[in-house]
Amino acid sequence: DENYCAPRMSLVMVSNQTTSAQLEMARRHFSAVPRGTCGPRRDFGKERAAVAKPVFGQGHIGQFVRMGTDSTPSLWMMFPLPPTLSFYKEAPLQYLEYALAYAGPQSLRSVLKNKGLVTGMGLQADETTAATLLFVMFDLTPEGAKDEGVQQITERTFAELGMLAAEQSGSDVPSVYESLKKMNQVNFDYLEAPDSVMDAVSGLAAGVSNYPIQDVLTASNGVIDKVDVNMVRGLLNAVADPRNVTLALAAPGFNASQANKFEQYYNIHFSQTPIPAAWTEKWAAASADGLRTAPALRYVPSATAVRNASAGDHPKMSTHAGVELWWQGKGGFALPKVQLRLKLALPKKAAPSFVSQEAATEEALRKLHSELTQQVLEEAAEDMRNCGMDFSVKAAASGYVIEASGYDEHISADRKSVV
């Protein structure tokens with residue numbers, strides 16, 4: 001009765017029935033649900049701010065947690081931030097996510113991968129009315145999982161955060177923020193149909209719970225209605241503070257005898273100690289040499305007219321110099337986007353029998369080649385991918401498949417950068 005009652009329930013219906021029929025069905029099945037006695041949802045952020053209480057008290061921030069794992073070693077950096085859930089129109093976390101996840105040349109991700117310390121990097125943000133928790137996650141190499149590797153990774157991360165907070169290297173907040181606003185508006189205007197109806201329903205249900213009804217669609221799809229530069233700068237200063245982080249390292253070979261904590265529900269022994277003072281001192285003075293911050297988006301489309309030319313119900317084929325070209329034209333949805341698919345077939349004399357040992361070796365080498373190509377293309381294609389374009393190389397049974405897709409205005413830039 002205190003937390004689960006009808007006024008806090010959301011219902012999303014998707015069917016082939018009329019709106020009036022769906023409303024009648026909803027009333028028939030849910031009108032009898034008692035309203036209960038629970039009051040309005042509590043805003044824990046406002047309650048905490050009223051008494052000047054920090055997100056985490058002493059003993060919960062500035063900690064270093066270590067535990068074992070049988071899987072890939074990983075490092076998580078957690079930054080507690082003021083609650084941002086109610087600022088969905090400004091969407092300040094989108095700035096942090098873009099700036100930290102950027103994978104272009106001299107980015108944090110690129111530098112750490114080139115040093116052989118990480119194989120991947122990701123971000124996650126958990127928003128509630130009480131606080132926002134920003135997680136920066138690294139998949140580590142064996143070298144990165146060592147104490148020396150963790151020190152290098154965290155030091156370079158704080159160097160990057162310091163550059164962002166100081167708006168160095170062309171990372172001025174207004175230009176980057178405005179470019180994100182423009183790109184998100186284009187993505188919303190030309191949003192494609194969801195792959196799964198259930199995913200769409202689930203997202204709408206969550207949106208109805210978090211946003212006013214008039215903002216459910218825009219807020220759930222990341223539209224930035226207004227730019228608040230000072231809010232972003234405040235968050236950047238918070239994550240750049242070496243005292244405002246907790247580390248969690250999961251690595252094979254953890255000595256359980258060094259554990260001083262036990263999580264009974266997950267049956268995990270782990271150690272929890274304060275982050276060494278020497279580390280935080282280095283973070284505060286970390287050098288940003290060799291690092292470059294994320295620039296404003298370069299390929300935000302502005303020419304979004306849709307061409308109506310079409311091959312009809314079936315693609316048309318033409319041949320030239322031994323090349324088969326299939327053209328469809330306008331697809332099933334009116335979108336200013338293009339899809340290109342190129343299949344490169346090996347010459348018959350270079351394609352071994354499919355049942356031979358040589359064929360298996362060639363197949364494995366093609367897959368390895370395509371994976372390496374994807375890694376090499378990560379930097380070159382990053383600016384395009386952030387603007388709704390993509391490029392991939394995949395191994396096929398008789399050669400390779402190269403695919404490019406996205407907004408057609410800048411698709412040629414995608415091709416040139418990748419080549």
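Which residues have the most contacts inside the largest nonpolar core? They are Phe79, Tyr95, Leu96, Phe138 and Leu247, in a core of 66 residues. A nonpolar core is a set of buried Ala, Val, Leu, Ile, Met, Phe, Trp, Tyr and Cys residues joined through side-chain atoms within 4.5 Å. Buried means under 20% relative accessible area, exposed over 50%, and partly exposed in between (1.4 Å probe, protein chains only). In soluble globular proteins, nonpolar side chains tend to be buried together. Apart from this core lies another, of five residues, including Ala159, Met163, Ala286 and Leu291.

The model is predicted: local features need pLDDT of at least 70, side-chain atom pairs count only at pLDDT 80 or more, and totals for chains, interfaces and linings use all residues. Residues are numbered from 1 along each chain as its sequence is written, and side-chain values use heavy atoms, without hydrogens and water.

**The sheet**

Helices (H or I, at least four residues) and strands (E, at least two) are DSSP runs, numbered from the N terminus. Strands pair if DSSP finds at least two bridges between them. Seven strands form an open, mixed sheet in the order β3-β4-β2-β5-β1-β7-β6. Its edge strands are β3 (118–127) and β6 (261–263), each paired on one side only. Nine bridges join β3 to β4 (residues 132–140), and these two run antiparallel. Methionine 121 stands opposite phenylalanine 138 in β4. Helix α5 (residues 147–166) packs on the sheet and touches β1, β2, β3, β4 and β5.

Phenylalanine 138 also has partners farther along the chain. Leaving aside neighbours within four places in sequence, its contacts (heavy atoms within 4.5 Å) include Pro73, Leu112, Met121 and Ile153.

**The disulfide**

A disulfide is a covalent bond between the sulfur atoms of two cysteines. Here the rule is a pair of cysteine sulfur atoms within 2.5 Å, and the count comes to one. Cysteine 5 and cysteine 38 form it, with their sulfur atoms 1.6 Å apart. Cysteine 5 lies before α1 (19–30) and cysteine 38 between α1 and α2 (44–50), so the pair ties together parts 33 residues apart in sequence. Cysteine 5 is buried at 9% relative accessibility, and cysteine 38 is buried at 13%.

**Two positive phi values**

Most residues other than glycine have a negative phi. Here are two with a positive one.

| Residue | Phi | Loop | Relative accessible area |
|---|---|---|---|
| Glutamine 106 | about 65° | between α3 (92–101) and α4 (108–114) | 42%, partly exposed |
| Asparagine 267 | near 55° | between β6 and β7 (268–274) | 56%, exposed |

Conventions
Axes are lines fitted to C-alpha atoms, for helices over the stretch in contact, and angles run from 0 to 180 degrees between N-to-C directions.
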